[in-house]
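User: I would like to learn how to read a structural model feature by feature. Could you take me through one slowly, giving the general idea before each case?

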Amino acid sequence: MTITPADMLLYAGALFVLFLTPGPVWVALIARAMSGGFHAAWPLALGVVVGDVLWPFLAILGVTWILSVYGGFLVALKWIACITFLIMGWLVLRNADKTIASDSRLTRPGMWAGFLAGLAVIIGNPKAIFFYMGMLPGFFDLTALTWADIAVICFLSFVVPLLGNLILAGFIGQARRLLTSPTALKRMNVTAGWLLIGVGLVIPFT
């Protein structure tokens with residue numbers, strides 16, 4: 001492998017920070033967990049895994065092909081990754097006091113329904129591949145990746161959010177209190193926002 005443990009740790013940390021930022025997966029997971037508990041939520045988390053593996057894999061292949069044609073593309077993408085995290089952090093801080101709305105269509109009972117809901121949430125967001133195309137070059141030299149490196153990256157891309165999603169579903173009582181408390185939600189968003197900005201500032205020096 002060409003990637004180092006430090007590279008893996010920084011990337012895993014960035015994925016964890018992204019998990020802490022409420023988004024569509026949070027909405028779907030919390031909606032199901034609040035309606036049916038952990039047993040209703042864990043199949044959704046497994047459905048999300050499909051996209052969490054697929055999007056970075058496709059992004060790596062796409063960026064690698066582009067780099068074979070345009071050599072200077074990697075440097076540009078590294079700065080795009082930096083700017084992406086800074087903007088995401090700023091947007092989270094700006095909307096730190098906004099609440100999350102749920103969609104009742106995500107609460108249909110059954111494990112298969114939960115899996116499909118998770119799959120729809122993650123696959124139905126094609127912007128994810130562009131996000132990974134901008135983020136991954138900030139952490140790894142895509143021109144030197146081996147298949148073992150790609151496997152590790154895809155593994156980290158799903159295992160970090162999967163563990164977070166399962167833990168969130170398991171402690172849904174606490175999650176419910178967070179969602180109903182504007183003060184707690186704002187504090188969580190402010191923390192996540194500053195962490196995203198921190199990752200964006202570190203990328204240029206890696």
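**Reading a helical model**

Analyst: Let us begin with a single residue, Asp-52, which lies in helix α3, residues 38–69. Please keep in mind throughout that the model is predicted.

User: Is Asp-52 buried or exposed?

Analyst: The general idea is to compare the relative accessible area with a cut-off, and buried means under 20%. Asp-52 has 8% relative accessibility and therefore counts as buried.

User: Which residues is Asp-52 in contact with, leaving aside its neighbours within four places in sequence?

Analyst: They are Ile-122, Tyr-132, Cys-154, Ser-157, Phe-158 and Pro-161. One of these, Ile-122, is also among the buried residues of α5, while Ser-157 and Pro-161 belong to the part of α7 that makes the contact with α1.

User: What pattern does the protein chain follow along the sequence?

Analyst: Read along the sequence, the pattern is α-α-α-α-α-α-α-α-α, with 9 helices and 0 strands in the protein chain. Of its 206 residues, 45% are buried, and among contacts between residues at least 6 apart in sequence, 90% join residues at least 24 apart.

User: How should I read a single helix, and which residues of α5 are buried?

Analyst: An α-helix has 3.6 residues a turn, so residues three or four places apart point the same way. In α5, residues 111–123, the buried residues are Gly-114, Ala-117, Gly-118, Val-121 and Ile-122. These cover an arc of only 120° around the axis, which puts them on the same side of α5, whereas Trp-112 and Ala-120, on the other side, are exposed. The length can be checked as well: at 1.5 Å a residue, the 13 residues of α5 should span 18 Å, and the end C-alpha atoms are 18 Å apart, which agrees.

User: How do the axes of α1 and α7 cross?

Analyst: For a pair of helices, one reads the approach of the axes, the angle and the handedness. The axes of α1, residues 5–20, and α7, residues 147–170, come within 9 Å and cross at roughly 35°, and α1 passes α7 in a right-handed crossing. On the α1 side the contact is made by Met-8, Tyr-11, Ala-12, Leu-15, Phe-16 and Phe-19, and the residues on the α7 side include Val-152, Ile-153, Leu-156 and Val-160. By class, the residues of this contact divide into 12 nonpolar, 3 polar and no charged.

User: Which residues are buried in α1?

Analyst: The buried residues of α1 are Met-8, Tyr-11, Ala-12, Ala-14, Leu-15, Val-17, Leu-18 and Phe-19.

Notes. Residues are numbered from 1 along each chain as its sequence is written. This is a predicted model: local features need pLDDT of at least 70, side-chain atom pairs count only at pLDDT 80 or more; totals for chains, interfaces and linings use all residues. Side-chain values use heavy atoms; hydrogens and water are left out. Helices (H or I, at least four residues) and strands (E, at least two) are DSSP runs, numbered from the N terminus. The expected span of a helix is 1.5 Å times one less than its number of residues. Buried means under 20% relative accessible area, exposed over 50%, partly exposed in between (1.4 Å probe, protein chains only). The arc is that of the directions from the helix axis to the C-beta atoms. Axes are lines fitted to C-alpha atoms, for helices over the stretch in contact, and angles run from 0 to 180 degrees between N-to-C directions. A crossing is left-handed if the near helix is turned anticlockwise from the far one by less than a right angle, and right-handed if clockwise. Contact means heavy atoms within 4.5 Å. Ala, Val, Leu, Ile, Met, Phe, Trp, Tyr, Cys and Pro count as nonpolar, Asp, Glu, Lys and Arg as charged, and the others, Gly among them, as polar.
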